[in-house]
Amino acid sequence: MGSIDLVVTRYREPLDWLEPFLGRPGWRVHIYNTGRQPPPAAICAAAVRCTNVPNAGFEWHGYLRHLVDQYESLADRTIFMQGDPFTVSPDVYCLLNQTVL
C-alpha cells in the first residue's frame, strides 16, 4: 500500500481543517510551525510530526526542511500546503479528497 504525506507549514493559522486527514489510512500529516504559538495539542498529537522551525520567510522553508529530514523515508506522494490553503485554493477539500494512493 502506498503512502501520502500532507506537509503543512503554518505561522499562526488555525489547523482544524486538517482533522479529516489526521486519521486517514495511508496518510501522514507533518506540521512545521514557524510562529511563536504552537499548534493545538490535539492536532499535534494526531500528526506524525509537529516541529518548530525558524521563520525564515515563506512556507517553502518548512517544505525544504521536510525534504531534507525525511529524504530516506519520503512518501509515495507528498502534498505541500500552506497553513491556510483556502486563500489560494478554495476547493482544497475537493482536491485532497480526490487524491488516491
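Which residues point one way from β1, and which the other way? In this predicted model, I4, L6, V8 and R10 point to one side of the strand while D5, V7 and T9 point to the other, and all of them are buried. Strand β1, which covers residues 4-10, has seven of its seven residues buried, so it is largely enclosed by the rest of the structure. The points below follow this strand to its partners, then turn to the core, the salt bridges, the surface and a loop.

**Strand pairing around β1**

- Strand β2, made of residues 27-33, runs parallel to β1 and is joined to it by seven bridges, with R10 having N33 as its bridge partner in β2.
- Strand β4, made of residues 77-82, also pairs with β1 in the parallel sense, here over six bridges, and I79 of β4 is the residue that stands opposite L6.

**The nonpolar core**

- The largest nonpolar core contains 17 residues, and those with the most contacts inside it are L6, L18, V29, M81 and L96.
- At least two residues of this core come from each of β1, α1, β2, β4 and α4, the last of these being residues 92-97.
- L6 therefore appears in several roles, since it is one of the buried residues of β1, stands opposite I79 and is among the core residues with the most contacts.
- When neighbours within four places in sequence are left aside, V29 is in contact with L6, L18, F21, L22, A47, V48 and R49, and both L6 and L18 are, like V29, among the residues with the most contacts inside the core.

**Salt bridges**

- The structure holds two salt bridges, one of which is formed by the side chains of D5 and R28, with a nitrogen-to-oxygen distance of 2.6 Å.
- Because D5 lies in strand β1 and R28 in strand β2, this pair ties together parts that are 23 residues apart in sequence.
- The partners differ in their exposure, as D5 has 0% relative accessibility and counts as buried, whereas R28, with a relative accessible area of 26%, is partly exposed.
- A salt bridge is also found between R65 and D69, whose closest N and O atoms are 3.0 Å apart.
- R65 and D69 are four residues apart in helix α3, which means that about one helical turn separates them.
- Both ends of this pair are partly exposed, R65 having a relative accessible area of 31% and D69 one of 39%.

**The nonpolar surface patch**

- A nonpolar patch on the surface is formed by F58, W60, L64, L67, V68, Y71, L74 and F80, which together have about 820 Å² of accessible area.
- Helix α3, spanning residues 60-69, gives the most to this patch, contributing four residues.
- W60, a member of the patch, lies in helix α3 and is partly exposed, its relative accessible area being 45%.
- Helix α3 thus carries part of the nonpolar patch and also holds the salt-bridged residues R65 and D69.

**The loop before β2**

- P25 is located in the loop that lies between α1, residues 19-22, and strand β2, and with a relative accessible area of 60% this proline is exposed.
- Although P25 and S3 are 22 residues apart in sequence, their C-alpha atoms are 8.5 Å apart in space.

Technical notes:
Residues are numbered from 1 along each chain as its sequence is written. This is a predicted model: local features need pLDDT of at least 70, side-chain atom pairs count only at pLDDT 80 or more; totals for chains, interfaces and linings use all residues. Side-chain values use heavy atoms; hydrogens and water are left out. Buried means under 20% relative accessible area, exposed over 50%, partly exposed in between (1.4 Å probe, protein chains only). Two strands pair if DSSP finds at least two bridges between them. Patches are made of residues with over 30% relative accessible area and no salt bridge: like charges are joined within 9 Å, nonpolar side chains (Val, Leu, Ile, Met, Phe, Trp, Tyr) within 5 Å. Accessible areas come from the Shrake-Rupley method with a 1.4 Å probe; for residues, only the protein chains shown count as cover. A salt bridge is a side-chain nitrogen of Lys or Arg within 4 Å of a carboxyl oxygen of Asp or Glu. A nonpolar core is a set of buried Ala, Val, Leu, Ile, Met, Phe, Trp, Tyr and Cys residues joined through side-chain atoms within 4.5 Å. Contact means heavy atoms within 4.5 Å.
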